[in-house]
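Welcome! Let's learn to read a few structural features together, one question at a time.

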Amino acid sequence: MRELAPQVVGIVSRRFGDFDAAEDAVQEALLVASGRWPVDGVPAEPRAWLVTAASRRLVDLWRSDSARRAREARVIAWDVPAADPDDRDDSLALLLLCCHASLTPASAIALTLRAVGGLTTAEIAHAFLVPEATMAQRISRAKATVRASGARFRMPPAADLDARLPSVLHVLYLVFNEGHTSSRGAQLRRVDLSREAIRLTRLLVAAVPDHAEASGLLALMLLLEARGPARTDGHGELVPLPEQDRSLWDAALVAEGLARLDEALAHGAVGDYQLQAAIAAVHGRAATAADTDWAEILRLYELLERVTHNPVVTLNRAVAVAMAQGPDAALAVVDAVEPDLGATHRWLAVRGRLLEMAGRADEAARHLERAAGIATNEAERRHLAGRAAAVRRAAGS
């Protein structure tokens, strides 16, 4: 049903000219299907079933509207097909609409997961650990913003498509990141979100197979998702990358990620997501942590830093500097971004780890304890607190 959801929303929106009402009607059709299909069996033409159910819901809604006669005339002019229509897949147009430039990232994420991902409002609220009413308001405001912008449900001209795709990639990247390492809550990962982001990115790559950054983003997601089984132990505790049992990594995802990266790099100019994927690929090719080519990772981070000018990238580069050149050189890099990141648990954690590597145990423990105190993910908080305690124990022995 999640694969069909964007297609059905696209068909109904395009035919009836009302994305807002169409999206609501399709959600109701999906809910009905989720109750009936497990009992009655999946219809022979499931997409047509959903289109029909959503269309009937729209007709019911519009009959109670003051302008029902004009709208019913439009409905009557289109006969709901008995079989899946053979016309184009509207999924890319729907992604572009849900990631409209007028929306904030949070609103675009919510609208994308509901309209394109087929998730219910309750599922999205659960994924982001907010009340369902809050998420419902966010989605409602997002649809109102798109409507007020005058955006129409259609593919943009080819000349505008490349300019619109970065916003889609950014939203999918944010969804994956929230699934890869949840910003809050007890669990390190939210597999439902990371896998949904991968599914939607596959859909995007299928629609624009020659877009290098789309392929690069998919490669990055696959390579990071492959590590999932090794990122926590049997008790749900975080396992840092150098300590992970790489035999637990998903070899099929690693292989596909490497292949997707090769495809992306073959398309031409290298961008942000391709460079991140290339860094993940170096880790993916290393049989053990000791086999990691840190000089290559450092070179790639330097390129990524020039492309993004992002202090978080600089912080990540510091880790590579530590592994390639030693902790003292890395501390200088970390201190350079203190004005931008010094209040975050990530900056404190990295600096604490580098101080530990440099043998400055008391300072290291203090940084790790401060990082644990402000971390919002419970698994990260426990890991940082445990690391700080271990540093103090080692220093006192």
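Q: How many salt bridges does the count come to?
A: First, a word of orientation: this model is predicted. A salt bridge pairs a side-chain nitrogen of Lys or Arg with a carboxyl oxygen of Asp or Glu within 4 Å. By this rule there are 22 salt bridges here.

Q: Could we start with one example: what does Arg36 form a salt bridge with?
A: The partner of Arg36 is Asp40, and their closest N and O atoms are 3.8 Å apart. Both belong to helix α2, which covers residues 19-40. Because the two are 4 residues apart in that helix, about one helical turn separates Arg36 from Asp40.

Q: Are the two partners buried or exposed?
A: Look at the relative accessibility of each one. Arg36 has 43% and counts as partly exposed. Asp40 has 57%, and because exposed means over 50%, Asp40 counts as exposed.

Q: Which parts does the pair of Glu225 and Arg195 tie together?
A: Begin with the pair itself: the side chains of Glu225 and Arg195 meet in a salt bridge, with 3.7 Å from N to O. Glu225 lies in helix α11 (residues 212-225) and Arg195 in helix α10 (residues 191-207), so this salt bridge ties together parts that are 30 residues apart in sequence. The surroundings of the two partners can be read as well: Glu225 is buried, at 7% relative accessible area, whereas Arg195 is exposed, at 55%.

Q: And how should I read Glu363 and Arg360: buried, partly exposed or exposed?
A: The side chains of Glu363 and Arg360 meet in a salt bridge of 2.9 Å, N to O. Glu363 is partly exposed, with 27% relative accessibility. Arg360 is partly exposed too, with 32%. Elsewhere on our list of salt bridges, shared partners join Glu23, Asp24, Arg114 and Lys143 into one network.

Q: Let's turn to cysteines. How many disulfides does a search of the whole structure find?
A: The search finds 0 disulfides. The idea is to check the distance between sulfur atoms, because a disulfide needs a pair of cysteine sulfurs within 2.5 Å. Take Cys98: the closest cysteine sulfur to its own is in Cys99, at 6.5 Å, which is too far for a bond. Reading from Cys99 gives Cys98 as the closest, again at 6.5 Å. As for their surroundings, Cys98 is buried, with 0% relative accessible area, and Cys99 is buried, with 4%.

Q: How do the axes of helix α18 and helix α19 cross?
A: For a pair of helices, read the distance between the axes and then the angle. The axes of α18 (residues 345-357) and α19 (residues 361-374) come within 8 Å and cross at roughly 160°. Since angles over 145 degrees count as roughly antiparallel, α18 and α19 are therefore roughly antiparallel to each other. The crossing of α18 past α19 is left-handed.

Q: Which residues make the contact?
A: On the α18 side they include His345, Trp347, Leu348 and Leu355. On the α19 side, among them are Glu363, His367, Leu368 and Ile374.

Q: To finish with a single residue, where is the place of Ala219?
A: Ala219 sits in helix α11. Ala219 is buried, with a relative accessible area of 0%. Leaving aside neighbours within four places in sequence, Ala219 is in contact with Gly257, Arg260, Leu261 and Ala277. Ala219 and Glu28, by comparison, are 191 residues apart in sequence and 34 Å apart in space, C-alpha to C-alpha.

Definitions and conventions. Residues numbered from 1 in each chain as written. Predicted model: local features only at pLDDT ≥ 70, side-chain atom pairs only at ≥ 80, totals over all residues. Heavy atoms only, no water. Buried < 20%, exposed > 50% of the residue type's maximum accessible area, 1.4 Å probe, protein only. Axes fitted to C-alpha atoms, helices over the stretch in contact; angles between N-to-C directions. Parallel < 35°, antiparallel > 145°, perpendicular 65-115°, else oblique. Left-handed = near helix turned anticlockwise from the far one by under 90°. Contact = heavy atoms within 4.5 Å.
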